Amino acid sequence: MKVDLKKQIATYTAPAGAFEVVTVPPLQYLMLDGHGDPNTSQAYADALSTLYPVAYKLKFFSKTTLDMDYVVMPLEALWWAQDMTAFTAARDKSQWDWTVMNLVPHWITDDHVADVIAMLEQKGDAPSLDLIRLATLDEGLAVQTLHVGSYDDEAPVLARLHEEYLPANGLVATGRHHEIYLNDPRHTEADKLRTILRQPVAHS
């Protein structure tokens, strides 16, 4: 049986056009960190060119070696900046820091990831293997919504979240802005992209 974590973890769905308070369980991801405009940064391109080969190699390793198959999850990323207006009013992508991520099942270990990295190192196809890691993210209480449309149209949604919804509901942002990309932008029109926007919070 092939495990599909999107169907097992309730927080991989969100309402469109509305904010929802959820509790996200601790989850483990393949992660790579970097800085700069995702549209122009070589570091970002290299991170994706590393994350996907590791993710798919790990899935096949799990299927053939561990006899436990699963669906490779969609791309996710954490985004932050020294000044949050870089995400909203200014939308200055050159100031963004990021962590690209891919969720993996709980049975995957550091040793499994190391074995897969060793295999890929021999091929030389993944440019940032020295930066990839397996880590657990425990976001806990969070507010999220499903954004349908281009990534550049997220700014008004994020402004409403931070300037209206959180204060009105006695909440404050505590963690990094999290996006889950449910479509592949290479094969999806911009106005049909579906992205879960998530913000970890605490009661003020």
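How many bridges join strand S3 (residues 27–35) to S6, and in which sense do the two strands run? In this predicted model, seven bridges join S3 to S6, and the two strands run antiparallel.

## Strand S6 and its partners

Strand S6, which spans residues 97–103, is mostly covered, with seven of its seven residues buried. In a regular strand the side chains alternate between the two faces of the sheet. On one side of S6 lie Asp97, Thr99, Met101 and Leu103, and on the other Trp98, Val100 and Asn102, and all of these residues are buried, leaving both faces of the strand covered.

The pairing with S3 includes Tyr29, whose bridge partner in S6 is Leu103. Strand S6 also pairs with S5 (residues 76–80), again in the antiparallel sense, over five bridges. Within that pairing, Leu78 has Thr99 as its bridge partner in S6, while Trp80 has Asp97.

## Strand S5 between S6 and S10

Strand S5 is largely enclosed by the rest of the structure, because five of its five residues are buried. Both of its faces are covered: Glu76, Leu78 and Trp80 are buried on one side, and Ala77 and Trp79 are buried on the other.

Besides its bridges to S6, strand S5 pairs with S10 in the antiparallel sense over four bridges. In this second pairing, the bridge partner of Trp79 in S10 is His177. Trp80, which is bridged to Asp97 in S6, also has a charged residue over its ring, since Arg176 lies over the face of Trp80 at 3.6 Å from the ring centre.

## Nonpolar cores

In soluble globular proteins, nonpolar side chains tend to be buried together. The largest nonpolar core here has 50 residues, and those that touch the most other members are Tyr12, Tyr29, Leu30, Leu58, Val100, Leu103 and Ile108. Helix H2 (residues 42–65) gives the most to this core, with seven residues. Apart from this core lies another, of six residues, among them Val143, Leu161, Tyr165 and Val201.

The surroundings of Tyr12 can be described in detail: leaving aside its neighbours within four places in sequence, Tyr12 is in contact with Lys6, Leu27, Tyr29, Met73, Glu76, Leu103, Ile180 and Ile196. Two of these contacts, Tyr29 and Leu103, are themselves bridge partners across the pairing of S3 with S6.

## Aromatic pairs and charges over rings

A pair of aromatic rings is described by the distance of the centres and the angle of the planes. A search of the whole structure finds six aromatic pairs. In one of them, the rings of Tyr151 and Tyr181 have their centres 5.4 Å apart and their planes at 70°, so the pair is edge-to-face. This pair links distant parts of the chain, 30 residues apart, with Tyr151 in the loop between strand S8 (140–148) and helix H4 (155–168) and Tyr181 in strand S10 (residues 177–181). Tyr151 counts as partly exposed at 26% relative accessibility, whereas Tyr181 is buried, with a relative accessible area of 8%.

Elsewhere, ring pairs link Tyr44, Trp79, Trp96 and Trp98 into a cluster. Of these residues, Trp79 is buried in S5 and Trp98 is buried in S6. A further charge over a ring involves Lys59, which lies over the face of Phe60 at 5.5 Å from the ring centre.

## Salt bridges

Side chains of opposite charge can pair when their charged atoms come close. Across the whole structure, a search finds six salt bridges. One of them joins the side chains of Asp152 and Lys93 at 2.8 Å, N to O, and links distant parts of the chain, 59 residues apart, with Asp152 in the loop between S8 and H4 and Lys93 in the loop between S5 and S6. Asp152 counts as partly exposed at 47% relative accessibility, while Lys93 counts as buried at 15%.

Asp4 forms a salt bridge with Lys6, the closest N and O atoms being 3.4 Å apart. Asp4 is buried, with a relative accessible area of 15%, and Lys6, which is also in contact with Tyr12, is partly exposed at 29%. In another salt bridge, the side chains of Asp184 and Arg186 meet at 2.6 Å, N to O. Here Asp184 is partly exposed, with a relative accessible area of 26%, and Arg186 counts as exposed at 65% relative accessibility.

Note on methods:
Residues numbered from 1 in each chain as written. Predicted model: local features only at pLDDT ≥ 70, side-chain atom pairs only at ≥ 80, totals over all residues. Heavy atoms only, no water. Phe/Tyr/Trp six-rings, centres within 6.5 Å; stacked < 30°, edge-to-face > 60°. Buried < 20%, exposed > 50% of the residue type's maximum accessible area, 1.4 Å probe, protein only. Lys NZ or Arg CZ within 6 Å of the ring centre and 35° of its normal. Core = buried A, V, L, I, M, F, W, Y, C linked by side-chain atoms within 4.5 Å. Contact = heavy atoms within 4.5 Å. Pairing = 2+ DSSP bridges. Salt bridge = Lys/Arg side-chain N within 4 Å of Asp/Glu carboxyl O.
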